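Here are some short exercises to work through with the model open beside you. Try each task before reading its solution.

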Amino acid sequence: MNRNTPTLLFFALLSVQALPASAAEPAVAPVKVIMDATVANWAGGDSDWQDLFDAAHLRKLFSAEFIRGYQTAQNYPATEDGISPFDYDVIVGGQDACPLENLTIAPAPAAGGRTEVLVRFQKARCMGTDAASQAFTEVRFEVVTEAGKPVVDDILTTDDAGKPNSLKAAMQDIVKQQ
């Protein structure tokens with residue numbers, strides 16, 4: 001065995017492991033924009049809150065079906081400001097959070113025209129050392145391709161009881177309750 005064989009083998013394995021991530025990279029793009037805004041929103045300081053569902057973000061990051069659902073639900077604002085059908089941050093799953101820590105974004109292989117992108121982060125570390133404060137939050141983004149670009153079709157979270165929640169379904173429920 002050549003003395004360079006272990007080094008060459010290491011770099012060969014490294015490049016093989018990198019292929020799936022780069023193949024799913026387009027699906028990560030809209031999720032990264034959403035998470036960059038969410039991280040900035042919870043970073044503290046004097047920065048302006050970034051609305052993930054303003055017209056520019058909707059058009060750029062979300063599927064046509066998601067946009068229709070949001071625009072319909074937006075007719076029933078959750079707060080007096082009349083801006084959003086939600087009275088909480090749909091990514092962190094609440095109204096309170098710390099600066100987000102230990103964020104990871106991991107796309108799964110595409111299946112059936114969809115790519116699931118799993119995002120994990122800690123949102124409550126500044127609130128204490130107990131297990132709940134140290135826990136990770138997981139958010140799954142369902143990404144599809146429309147007009148040749150990846151867009152988010154749904155945002156899936158899990159509530160405290162372990163029940164999965166679809167943001168598209170929540171928007172439909174808002175409309176039904178009116």
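A disulfide is counted here when two cysteine sulfur atoms lie within 2.5 Å of each other. Keep in mind that this is a predicted model.

**Exercise 1. Find how many disulfides the chain has, and say which parts of the chain are linked.**

Step 1: Apply the cut-off. The count comes to one disulfide.

Step 2: Name the partners. Cys98 and Cys126 form the bond, with their sulfur atoms 1.8 Å apart.

Step 3: Place them in the chain. Cys98 sits in the loop between helix 4 (64-73) and strand 1 (101-107), while Cys126 sits in the loop between strand 2 (115-122) and helix 5 (131-134). The two are 28 residues apart, so the pair links distant parts of the chain.

Step 4: Look at the geometry. The angle about the S-S bond is -85°, and the link is left-handed.

**Exercise 2. Decide for each cysteine of the disulfide: buried or exposed?**

Step 1: Recall the cut-offs: under 20% relative accessible area is buried, and over 50% is exposed.

Step 2: Cys98 has 1% relative accessibility, so Cys98 is buried.

Step 3: Cys126 has 56%, so Cys126 is exposed.

**Exercise 3. Work out which part of the model deserves caution.**

Step 1: Start with the whole chain. Its pLDDT averages 85, and 84% of the residues score at least 70.

Step 2: Look for a weak stretch. Over residues 1-23, pLDDT stays under 50, and the model has one contact for them beyond four places in sequence.

Step 3: Draw the practical lesson. Where pLDDT is low, predicted coordinates should not be read in detail.

**Exercise 4. Describe how helix 4 packs against helix 6.**

Step 1: Give the angle and the distance. Helix 4 and helix 6 (residues 167-176) pack at about 35°, and their axes are 9 Å apart.

Step 2: Give the handedness. The crossing of these two helices is left-handed.

Step 3: List the residues that touch. Helix 4 contributes Glu65, Phe66, Gly69, Tyr70, Thr72 and Ala73, and helix 6 contributes Leu167, Lys168, Met171, Ile174 and Val175.

Step 4: Sort them by class. The contact of helix 4 with helix 6 has seven nonpolar, two polar and two charged residues.

**Exercise 5. Find where Ser63 lies and what is in contact with Ser63.**

Step 1: Locate the residue. Ser63 is in the loop between helix 3 (55-61) and helix 4.

Step 2: Check accessibility. Ser63 counts as buried because its relative accessibility is 0%.

Step 3: List its contacts. Setting aside neighbours within four places in sequence, Ser63 contacts Val144, Glu146, Val151, Val152 and Asp153.

Step 4: Compare sequence with space. Ser63 and Glu146 are 83 residues apart in sequence, yet their C-alpha atoms are 7.0 Å apart.

**Exercise 6. Compare Asn102 and Ala147, which each have a positive phi.**

Step 1: Recall the background. Most residues other than glycine have a negative phi.

Step 2: Take Asn102. Its phi is about 55°, and its place is in strand 1. With 44% relative accessibility, Asn102 counts as partly exposed.

Step 3: Take Ala147. Its phi is near 50°, and Ala147 lies in the loop between strand 3 and strand 4 (149-158). At 85% relative accessibility, Ala147 counts as exposed.

Definitions and conventions: Residues are numbered from 1 along each chain as its sequence is written. This is a predicted model: local features need pLDDT of at least 70, side-chain atom pairs count only at pLDDT 80 or more; totals for chains, interfaces and linings use all residues. Side-chain values use heavy atoms; hydrogens and water are left out. Helices (H or I, at least four residues) and strands (E, at least two) are DSSP runs, numbered from the N terminus. Buried means under 20% relative accessible area, exposed over 50%, partly exposed in between (1.4 Å probe, protein chains only). pLDDT is the predictor's confidence in each residue, from 0 to 100. Contact means heavy atoms within 4.5 Å. Axes are lines fitted to C-alpha atoms, for helices over the stretch in contact, and angles run from 0 to 180 degrees between N-to-C directions. A crossing is left-handed if the near helix is turned anticlockwise from the far one by less than a right angle, and right-handed if clockwise. Ala, Val, Leu, Ile, Met, Phe, Trp, Tyr, Cys and Pro count as nonpolar, Asp, Glu, Lys and Arg as charged, and the others, Gly among them, as polar.
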